Amino acid sequence: MHYRTTFLSTILAFAAQSTLAAKTIDVVVGGPGILQYNPPFVNADVGDRIHFIFKEKNHTVTQSTFDNPCTQSVGGFDSGFHPVASGATVFPEVLLEVPDLDPIWIFCRQANHCQQGMVFSVNPGDKFAAFQAAAKASGGGATSTGGPAASGIITVTTTVTVSGSAVPTTYTTTTSSSATSSSTPSGGIDHKVIVGGPGVLAYNPSNISAQVGDTITFEFHQKNHTVTASSFDTPCHALSSTSTTGQLGFDSGFMAVADGATEFPTFTIRVNDTNPIWAYCRQANHCGSGMVFAANAVESGPKNFTAFQDLAKQQNGTSTNAPPPNSAGVQATTSTMLSVFNILLVVAFSDLMIILS
């Protein structure tokens, strides 16, 4: 009995100590006229959580390297753009759990914010000043795209073929489309697609045709959506997680838009050929509700847009889908310490029941 009582006390003490060991560190991102993270760097232990609070106007938390401060690192996390209107009282939040004691380098990929010194670091040692100086000296705009002020274009390459060759198409939209088109600098057409909106789980238009050299600009409205490349056969899974040929596909990251917003983040892709492009929203079960998009789907064949959308609904969403690379790897995570705590509580409770019996 003494052994079991001592064991129970030890388990509970260890569990409590483990739970209390991790801490949450608040970091404010932006603000009215502010291009900085506050504080600009923190020191953290393994298991600690960095709590990013997004203020005005529209910023990201994007991982880079020390040597390339204003370029998203390969496989690095990205929060996506979080537009916040002036006078807002509710602010988007993102949690980053610290996996080890190595430095983590971060920047904002909106326009030239990074080049103006908007960078952040976890455990930088004595290198933060050099990191920020390198960002300011890098010149130009950030190499990642998104947000209203971003001007870059993501190159999209697909390998899906129809009867062994690309299908020539001309620009058309569905009759319910509210999208507009305009010329691009390369002479192609830019197709505007509205993503979401109040109570809307759809892309509008959701099915278009585009020529080589055209661009597709996704304009994000309320609430919080993505546009993520997939394949026809697995509509609700990122192409990067299903491709057998190493395709990464594209992913906008989550774009949170507040009710009443008047500025909307955008994400642009370029069409390199007329092979079908398949995409979906990876928020909760939006894909399973039919929130999918296609460009250059062959409507006369079995792999048309309606079949793609029906398949998405049958597969019932993205609950088992892993996040694609370079996307919202910054997300709320379950602490390992909390998991240990739960397990230990079960063991302790079992021993307590034996003692009481």
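Is phenylalanine 41 buried, partly exposed or exposed? Select it to begin the tour, bearing in mind that this is a predicted model: at 37% relative accessibility, phenylalanine 41 counts as partly exposed, because the buried class stops under 20% and the exposed class begins over 50%.

**Helix H2 and its rings**

With phenylalanine 41 still selected, add phenylalanine 128, whose relative accessible area of 8% makes it buried. The structure holds 14 aromatic pairs, and in this one the ring centres lie 5.2 Å apart with the planes at 40°, so the pair is tilted. Phenylalanine 41 belongs to strand S3 and phenylalanine 128 to helix H2, so that two parts of the chain 87 residues apart are linked here.

Move along the helix to phenylalanine 131, which is buried at 0% relative accessibility, and show phenylalanine 66 with it, a partly exposed residue with a relative accessible area of 27%. These two rings form a stacked pair, at 6.3 Å from centre to centre and with 25° between the planes. Phenylalanine 66 comes from the loop between S6 and S7 while phenylalanine 131 is in helix H2, so this pair ties together parts that are 65 residues apart in sequence. Adding Trp105 to the selection completes a cluster in which ring pairs link Phe41, Phe66, Trp105, Phe128 and Phe131.

Before leaving phenylalanine 66, select lysine 127 as well: its charged end sits over the ring of phenylalanine 66, 5.7 Å from the centre. Another placement of this kind can be found at phenylalanine 91, where lysine 55 lies over the face of the ring at 4.7 Å from its centre.

Now display the whole of H2, residues 128-137, and colour its buried residues, which are Phe128, Phe131 and Ala135. They cover an arc of only 60° around the axis, which puts them on the same side of H2. An α-helix has 3.6 residues a turn, so residues three or four places apart point the same way. What do the buried residues of H2 pack against? Showing the surroundings brings up strand S3 (41-42), together with S6, S9 and S10. On the face turned away from this buried side, look for the exposed residues Ala129 and Ala137.

**Salt bridges**

The next selections concern charged side chains, for which the count comes to 6 salt bridges. Start with aspartate 78 and arginine 109, whose side chains meet with 2.7 Å from N to O. Aspartate 78 lies in the loop between strand S6 (62-64) and strand S7 (82-83), and arginine 109 in the loop between strand S9 (104-107) and strand S10 (119-122), so the pair ties together parts that are 31 residues apart in sequence. Both ends can be checked for burial: aspartate 78 is buried with a relative accessible area of 2%, and arginine 109 is buried at 3%.

Select lysine 223 and aspartate 259 next, a salt bridge in which the closest N and O atoms are 3.0 Å apart. Lysine 223 sits in the loop between strand S16 (215-220) and strand S17 (224-225), and aspartate 259 in the loop between strand S19 (255-256) and strand S20 (266-271), 36 residues apart. Here lysine 223 is partly exposed at 48% relative accessibility, whereas aspartate 259 is exposed at 54%.

Aspartate 251 and arginine 282 form a further bridge, with 3.0 Å between the closest N and O atoms. Aspartate 251 belongs to the loop between helix H3 (239-242) and S19, and arginine 282 to the loop between strand S21 (277-280) and strand S22 (292-295), so parts 31 residues apart in sequence are tied together. Aspartate 251 and arginine 282 are both buried. To close this section, select Lys23, Asp45 and Asp48, which salt bridges with shared partners join into one network.

**The nonpolar cores**

In soluble globular proteins, nonpolar side chains tend to be buried together. The largest nonpolar core in this model has 26 residues, and those with the most contacts inside it are Tyr203, Ile216, Phe218 and Phe293. Strand S13 (189-195), S16, S20, S21 and S22 each give two or more residues to this core.

Centre the view on phenylalanine 218 and, leaving aside residues up to four places away in sequence, show what it touches, including Val193, Val195, Tyr203, Phe267, Ile269 and Phe293. The last stop is another core, lying apart from the largest one and made of 21 residues, among them Tyr37, Ala44, Phe54 and Val98.

How values were computed
Residues are numbered from 1 along each chain as its sequence is written. This is a predicted model: local features need pLDDT of at least 70, side-chain atom pairs count only at pLDDT 80 or more; totals for chains, interfaces and linings use all residues. Side-chain values use heavy atoms; hydrogens and water are left out. A salt bridge is a side-chain nitrogen of Lys or Arg within 4 Å of a carboxyl oxygen of Asp or Glu. Helices (H or I, at least four residues) and strands (E, at least two) are DSSP runs, numbered from the N terminus. Buried means under 20% relative accessible area, exposed over 50%, partly exposed in between (1.4 Å probe, protein chains only). The arc is that of the directions from the helix axis to the C-beta atoms. Contact means heavy atoms within 4.5 Å. Rings of Phe, Tyr and Trp (its six-membered ring) pair if their centres lie within 6.5 Å; planes under 30 degrees apart count as stacked, over 60 as edge-to-face and the rest as tilted. A charge sits over a ring if NZ of Lys or CZ of Arg is within 6 Å of the ring centre and within 35 degrees of the ring normal. A nonpolar core is a set of buried Ala, Val, Leu, Ile, Met, Phe, Trp, Tyr and Cys residues joined through side-chain atoms within 4.5 Å.
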